[in-house]
Amino acid sequence: MMNLVKPRVLVVDDEPGVRKALQRGLRAEGMDVVTAADGPTGLQLASTGSFDVVLLDIMLPGLSGYRVLERLRKDGVATPVLLVSAKDGEIDQADGLDLGADGYLVKPFSFVVLVAQVRATLRRAGPEAGRGTLRLGALEVDRGLRQVHWNGEEVALSPREFALLEVLVGRAGTVVTKDELLRAVWGEEQAVTRNLVEVYVGYVRRKLDAVGAGALLRTVRGHGYLASDAQLDEVITP
């Protein structure tokens with residue numbers, strides 16, 4: 001994830017009060033937060049690879065946190081995962097860590113401690129966290145190789161076009177403003193305007209259109225741009 005974009009956190013918990021409290025608190029700490037209420041939804045969202053950290057409850061309807069974590073690691077999704085559970089037994093914690101968890105929090109926990117754990121996890125992940133593959137439907141954005149594929153077919157993008165698509169798919173399901181794109185893709189370059197963002201979005205959209213993936217990139221008038229698909233639209237909670 002690019003360092004000019006807020007850290008993105010996925011909270012997967014079946015308790016509405018917990019989801020709301022964590023969403024409000026983590027947003028106040030400067031993080032972009034998405035929530036899910038069950039295992040299958042959490043797995044679908046986390047599988048995009050577009051989050052910096054996942055806070056994953058173990059006891060979930062549909063699919064347990066253990067199974068979600070197991071599937072993610074099996075599919076090569078390396079996003080850091082902090083397991084959250086009311087169980088504080090050594091065996092439970094060992095099971096989670098053996099499956100590939102990056103940490104374990106026991107309920108009830110202090111919010112201050114949780115934030116510290118999240119920030120420590122982000123620091124440990126470092127620059128390598130932004131080199132995994134992002135997935136949105138049949139679209140794959142390989143941040144390590146700097147390549148894009150749709151249904152296995154390569155989509156040739158310039159370095160600037162790739163950077164723009166990387167930011168948008170890296171925040172799949174969330175509107176990204178033109179100003180955010182300017183900062184993330186062009187940085188401190190002089191004489192760069194919002195119009196240039198529109199031009200490059202047009203370039204990327206045409207190349208996606210050419211392979212049948214144009215619907216993934218949308219304009220949200222008055223706000224910015226959104227990368228999403230029908231499946232993500234159904235499950236994502238702002």
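Helices and strands are taken here as DSSP runs, of at least four residues for a helix and at least two for a strand, numbered from the N terminus. With that in hand, the loop between helix 3 and strand 4 (81–85) is a convenient place to enter this predicted model, for Gly76 is found there. Gly76 has a relative accessible area of 53% and is therefore exposed, the cut-off being over 50%. From C-alpha to C-alpha, Gly76 lies 8.8 Å from Thr133 in space, although 57 residues separate the two in sequence.

Helix 2 (residues 39–46) offers a contrasting setting. Six of its eight residues are buried, so helix 2 is largely enclosed by the rest of the structure. The buried residues are Gly39, Thr41, Gly42, Leu43, Leu45 and Ala46. Their packing partners include three strands, namely strand 1 (8–12), strand 2 (32–36) and strand 3 (53–57). Two helices, helix 3 (65–74) and helix 9 (230–235), also pack against the buried residues of helix 2. Elsewhere, the side chain of Arg8 meets an aromatic ring: its charged end sits over Phe51, 4.5 Å from the centre of the ring.

Several features of the backbone deserve a look on the way to the later helices. The peptide bond joining Lys107 and Pro108 is cis, with omega at about -10 degrees. Pro108 belongs to the loop that runs between strand 5 (103–106) and helix 5 (111–125). Further along, Arg146 has a phi near 60 degrees, a positive value in a residue other than glycine. This arginine, Arg146, lies in the loop between strand 7 (139–142) and strand 8 (147–150). Its relative accessibility of 44% makes Arg146 partly exposed. Asn151 is likewise not a glycine, yet its phi is positive, at about 50 degrees. The loop that holds Asn151 connects strand 8 and strand 9 (153–154). With 59% relative accessibility, Asn151 counts as exposed.

The next part of the picture is a helical contact. Helix 6 (residues 159–170) and helix 8 (residues 194–210) have axes that come within 10 Å and cross at roughly 90 degrees. Helix 6 is therefore roughly perpendicular to helix 8, a term that covers angles of 65 to 115 degrees. On the side of helix 6, the contact is made by Arg160, Glu161, Leu164 and Leu165. Helix 8 brings Val197, Tyr200, Val201, Tyr203, Val204, Lys207 and Leu208 to this contact. Sorted by class, the contact has eight nonpolar residues and three charged ones, with no polar residues.

Helix 7 (residues 178–186) also belongs to this neighbourhood. Its buried residues are Glu180, Leu181, Leu182, Ala184, Val185 and Trp186. The cover over these residues includes helix 6, helix 8 and strand 11 (224–227). Gly187 follows helix 7 and has a positive phi, near 60 degrees.

Aromatic side chains add a further link between helix 7 and helix 8. Two aromatic pairs are present in the structure. In one of them, the ring centres of Trp186 and Tyr200 are 5.4 Å apart and the planes stand at 75 degrees, so the pair is edge-to-face. Trp186 belongs to helix 7 and Tyr200 to helix 8, so that this pair links distant parts of the chain, 14 residues apart. Both partners are buried, as Trp186 has a relative accessible area of 4% and Tyr200 one of 19%. The value for Tyr200 counts as buried because the cut-off is under 20%.

Tyr200 also pairs with Tyr203. The centres of these two rings are 5.1 Å apart and the planes are at 70 degrees, so this pair, too, is edge-to-face. Residues three or four places apart in an α-helix point the same way, because there are 3.6 residues a turn. Tyr200 and Tyr203 are three residues apart in helix 8 and are therefore separated by about one helical turn. Tyr203 is partly exposed, at 34% relative accessible area, whereas Tyr200 is buried. Through these ring pairs, Trp186, Tyr200 and Tyr203 are joined into a cluster. Both tyrosines of the cluster, Tyr200 and Tyr203, also take part in the contact of helix 8 with helix 6.

Technical notes:
Residues are numbered from 1 along each chain as its sequence is written. This is a predicted model: local features need pLDDT of at least 70, side-chain atom pairs count only at pLDDT 80 or more; totals for chains, interfaces and linings use all residues. Side-chain values use heavy atoms; hydrogens and water are left out. Axes are lines fitted to C-alpha atoms, for helices over the stretch in contact, and angles run from 0 to 180 degrees between N-to-C directions. Angles under 35 degrees count as roughly parallel, over 145 as roughly antiparallel, 65 to 115 as roughly perpendicular and the rest as oblique. Contact means heavy atoms within 4.5 Å. Ala, Val, Leu, Ile, Met, Phe, Trp, Tyr, Cys and Pro count as nonpolar, Asp, Glu, Lys and Arg as charged, and the others, Gly among them, as polar. Buried means under 20% relative accessible area, exposed over 50%, partly exposed in between (1.4 Å probe, protein chains only). Rings of Phe, Tyr and Trp (its six-membered ring) pair if their centres lie within 6.5 Å; planes under 30 degrees apart count as stacked, over 60 as edge-to-face and the rest as tilted. A charge sits over a ring if NZ of Lys or CZ of Arg is within 6 Å of the ring centre and within 35 degrees of the ring normal.
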